[in-house]
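Please read the points below alongside the coordinates, since they are meant to be checked residue by residue.

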Amino acid sequence: MKIIAVNGSPRKGGNTDLLLDEVLGIIKRNQIETETIFLRDHQLQSCDACGYCREHPGKCHIKDDFPLIFEKSLAAEGIILGTPVYFGSATPPIKAFMDRVGYVARHMESSFERKIGAAVVVARRAGHNFTLAQLYFFFTIFGMVIASSPHYWTLAFGNQKGQVTSDEEGIITMRKLAENIVWLAKKLHS
Ligand SMILES: Cc1cc2nc3c(=O)[nH]c(=O)nc-3n(C[C@H](O)[C@H](O)[C@H](O)COP(=O)(O)O)c2cc1C
């Protein structure tokens with residue numbers, strides 16, 4: 001069983017990295033394999049709406065790191081999308097992930113149904129809710145099962161690198177999210 005995190009922050013060592021580390025650390029301690037895809041380390045252009053994936057299931061014509069990212073997403077039992085808020089919404093790399101991976105997956109027989117989906121969002125001040133909803137729309141078009149936190153919506157506050165660690169409630173929320181992902185993963189996939 002494997003849970004992957006897709007990190008849409010362009011900033012290495014920033015708040016999204018810290019929050020996802022917190023979540024993945026707990027999942028790992030529960031003997032579930034994890035991996036983070038740092039989108040900033042990959043080439044992933046935006047979808048150009050060519051329609052190639054409709055004729056060639058599972059394939060995209062754009063020559064970049066899509067095949068690797070798609071393969072890891074398909075193979076995982078759970079996908080955590082993590083992003084900072086940029087102008088009230090998810091970052092361009094996360095949007096490219098959702099459009100490319102999502103559109104190709106939509107044109108395949110069985111793809112993401114009943115995988116676990118979870119979202120982690122951080123911002124300085126505003127835009128968390130809209131961004132969470134953006135990520136949840138990705139999960140819910142596939143019939144994925146959303147893991148949430150019993151503490152609060154899965155968001156945190158922080159601006160400068162590392163500042164999110166001062167958001168005590170945000171960190172507790174992430175820990176509880178991780179525990180729920182573990183619980184759900186064992187129910188659904190063991
Ligand atoms: C281009 C850009 C747009 C941003 N837009 C928002 C915003 O709409 N709302 C907000 O509260 N913070 C906004 N921020 C602040 C980031 O969400 C915040 O610094 C966050 O902690 C960055 O996460 P990271 O450390 O993982 O990169 C923006 C930052 C950048 C660089």
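The numbered points that follow take up a helix pair, the core, the ligand shell and some single residues of what is a predicted model.

1. The helix pair comes first. The axes of helix 1 (residues 15-29) and helix 6 (residues 168-189) come within 8 Å and cross at roughly 35°, and the crossing is right-handed. On the helix 1 side the contact is made by Leu19, Glu22, Val23, Ile26 and Ile27, which meet Ile171, Met174, Arg175, Leu177, Ala178, Glu179, Ile181 and Val182 of helix 6. By residue class, this contact holds 10 nonpolar and 3 charged residues, with no polar ones.

2. Some residues of that contact reappear in the core. The largest nonpolar core has 54 residues, of which Leu19, Val23, Ile80, Phe97 and Ile181 touch the most other members; Leu19 and Val23 in helix 1 and Ile181 in helix 6 also belong to the helix contact. As general background, nonpolar side chains in soluble globular proteins tend to be buried together.

3. Which residues does Ile80 contact, once its neighbours within four places in sequence are left aside? They are Ile3, Ala5, Leu20, Val23, Ala118 and Val120. Ile80 itself falls in strand 3 (78-84), while Ala118 and Val120 fall in strand 4 (116-123).

4. The ligand is surrounded by 19 residues, and the closest of them are Arg11, Gly14, Thr16, Pro84 and Ala123. Helix 1 and strand 4 each supply at least two residues of this shell. The shell is mixed in character, dividing into 7 nonpolar, 8 polar and 4 charged residues.

5. Is Met98, in helix 4 (residues 92-106), buried or exposed? Met98 counts as buried because it has 21 C-beta neighbours inside 10 Å, where 20 or more are required. Its C-alpha atom is separated by 24 Å from that of Ile32, and the two residues are 66 apart along the chain.

6. Two backbone conformations deserve a look in the loops. Most residues other than glycine have a negative phi. Gln31, although not a glycine, has a positive phi of about 60°, and its place is in the loop between helix 1 and strand 2 (33-38). Phe87, also not a glycine, has a positive phi of about 45° and lies in the loop between strand 3 and helix 4.

7. Both of these loop residues are exposed, for which the limit is 12 or fewer C-beta neighbours within 10 Å. Gln31 counts as exposed because it has 9 such neighbours, and Phe87 is exposed because it has 6.

Note on methods. Residues are numbered from 1 along each chain as its sequence is written. This is a predicted model: local features need pLDDT of at least 70, side-chain atom pairs count only at pLDDT 80 or more; totals for chains, interfaces and linings use all residues. Axes are lines fitted to C-alpha atoms, for helices over the stretch in contact, and angles run from 0 to 180 degrees between N-to-C directions. Helices (H or I, at least four residues) and strands (E, at least two) are DSSP runs, numbered from the N terminus. A crossing is left-handed if the near helix is turned anticlockwise from the far one by less than a right angle, and right-handed if clockwise. Two residues are in contact if their C-beta atoms, placed from the backbone, lie within 7 Å. Ala, Val, Leu, Ile, Met, Phe, Trp, Tyr, Cys and Pro count as nonpolar, Asp, Glu, Lys and Arg as charged, and the others, Gly among them, as polar. A residue is near a molecule or strand if its C-beta atom, placed from the backbone, lies within 6 Å of it. A nonpolar core is a set of buried Ala, Val, Leu, Ile, Met, Phe, Trp, Tyr and Cys residues joined through C-beta atoms within 7 Å.
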